Amino acid sequence: MPLVVFCGLPYSGKSRRAEELREALAAEGRAVYVVDDASVLGEEDATVYCDSAREKALRGALRASVERRLSRQDVVILDSVNYIKGFRYELYCLARAARTPLCLVYCVRPADLRLGPAVAGVEENRSLPVGVSWRPRAEERGEAQMAGTSDFKEPCAECSVVNGGVRAASTGEVEQNPTGASAPPALVTLESEKSAKHVTSAFYPPELLEALRLRFEAPDSRNRWDRPLFTVVDLEEPLPLAEIRAALFENRAPPPHQSTQSQPLASGSFLHQLDQVTSQVLARLMEAQKSAVPGDLLTLPGATEHLKFTRPFSMAELSRLRRQFISYTKMHPNKENLPQLANMFLQYLSQSLH
């Protein structure tokens, strides 16, 4: 069924919002699939956005994964940065080709989180392979940081919600330091908490965040590929679930272009008669206007319609209109209109020449 595209900078709460939407739709009995960077790469890797070639390959893999899942029965949620409007237009074309609605959810960070969340112990352990999980307002909840942050091991498994389920590996053990203190709770997240809230495990340095901010092309609701647009600021603002449901399940799908639609099958006799009748009408018009003066009504044998003669018509002009009429009639073939083809063509000429 519909496509939901999440858009926003890292640490803006996209994954949490995507999981919140997935849980709400799954509670209604709908099949929901989540496509994110981790499901394509195996694990989330912030360094992808430092290399244009790898980032282009990531966008192609995300688009292919969405295209495989997109159908009229399932809901697909794309959880990624999606900061390029050209890529969002490609996703819009995918939804239009599948004849399914789509919407865009734009997650915005507050100004004080522009450089990303501060995680205790990251600067001291920048050289260690640390999986950083964002746990906002930990100090406000009174969670004390434990000592001994210089010697610990990264958990061996990450738990993320992918394609409507929880993907988890074996839980790694945290290595204790010589003093016997455990790793800081801000860096090691319980598996149960990871299952409840799908959060990013990649660390984005401030330089990369600033580069993404400068490259970011904010969505605009005036663009058809960015409509309908829902903007969510920070995690305190509730997700507009009712409006998103209405946009996904009550709106009509984007209409396909006529040029991309397959022409309906028409019998060979219909096309032959169409070509023959229009050719006869042009020949008789060229003959009738030789003796006509402006203001006369040109009458053709076998037709009840008349064409008002206001000026001499060239054969090139009439042939161009004939090709347009044939192209339109081939898209809407109807054998019941065969006796009226001459009158229909004269009506088309009368409206196009004056």
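In which sense, parallel or antiparallel, do strands E1 and E3 pair? In this predicted model, strand E1 and strand E3, the latter spanning residues 75-79, pair in the parallel sense over 4 bridges, and within E3 the bridge partner of valine 4 is isoleucine 77. Strand E1 also pairs in the parallel sense with strand E4, which covers residues 102-108, this time over 5 bridges; there, leucine 3 of E1 has leucine 102 of E4 as its bridge partner.

The surroundings of strand E1, which runs over residues 3-7, can be described residue by residue. The strand is mostly covered, with 5 of its 5 residues buried. Leu3, Val5 and Cys7 point one way from E1, whereas Val4 and Phe6 point the other way, and all of them are buried.

**Salt bridges**

A search of the whole structure finds 14 salt bridges, and three of the pairs are set out below with the separation of their N and O atoms.

| Acidic residue | Basic residue | N to O distance |
|---|---|---|
| Glutamate 19 | Arginine 22 | 3.0 Å |
| Glutamate 55 | Arginine 59 | 3.3 Å |
| Aspartate 220 | Arginine 222 | 2.7 Å |

Glutamate 19 and arginine 22 both belong to helix H1 (residues 14-26), where they lie 3 residues apart, about one turn of the helix. In the case of glutamate 55 and arginine 59, both residues lie in helix H3 (residues 52-69), and they are 4 residues apart, again about one turn of the helix. The spacing in these two pairs can be read against a general rule: an α-helix has 3.6 residues a turn, so residues three or four places apart point the same way.

How covered these charged residues are can also be stated. Glutamate 19 is buried, and arginine 22 is buried as well. Glutamate 55 counts as buried because its relative accessibility is 5%, while arginine 59, at 23% relative accessibility, counts as partly exposed. Aspartate 220 likewise has a relative accessibility of 23% and therefore counts as partly exposed, whereas its partner arginine 222 is exposed, with a relative accessible area of 68%. Apart from these pairs, Glu28, Arg30 and Arg245 are linked in a network of salt bridges.

**Threonine 278 and helix H10**

Is threonine 278 buried or exposed? Threonine 278, which is found in helix H8 (residues 268-288), counts as buried because its relative accessibility is 1%, and the cut-off for that class is under 20%. Its side chain reaches the backbone oxygen of aspartate 275 at 3.1 Å, and a polar contact of 2.9 Å joins the side chain of threonine 278 to that of arginine 322. When residues up to four places away in sequence are not counted, threonine 278 touches Arg322, Phe325, Ile326 and Phe345.

One of the residues touched by threonine 278, Phe345, is also among the buried residues of helix H10, together with Leu341, Ala342, Asn343, Leu346, Leu349 and Leu353. Helix H10 itself, running over residues 341-353, has 13 residues and reaches 18 Å from its first C-alpha to its last, which is close to the 18 Å expected at 1.5 Å a residue.

Methods:
Residues numbered from 1 in each chain as written. Predicted model: local features only at pLDDT ≥ 70, side-chain atom pairs only at ≥ 80, totals over all residues. Heavy atoms only, no water. Buried < 20%, exposed > 50% of the residue type's maximum accessible area, 1.4 Å probe, protein only. Helix = DSSP H or I, 4+ residues; strand = E, 2+ residues; numbered from the N terminus. Pairing = 2+ DSSP bridges. Expected span 1.5 Å × (residues − 1). Salt bridge = Lys/Arg side-chain N within 4 Å of Asp/Glu carboxyl O. Polar contact = N/O pair within 3.5 Å; in protein donor to acceptor, adjacent residues only side chain to side chain. Contact = heavy atoms within 4.5 Å.
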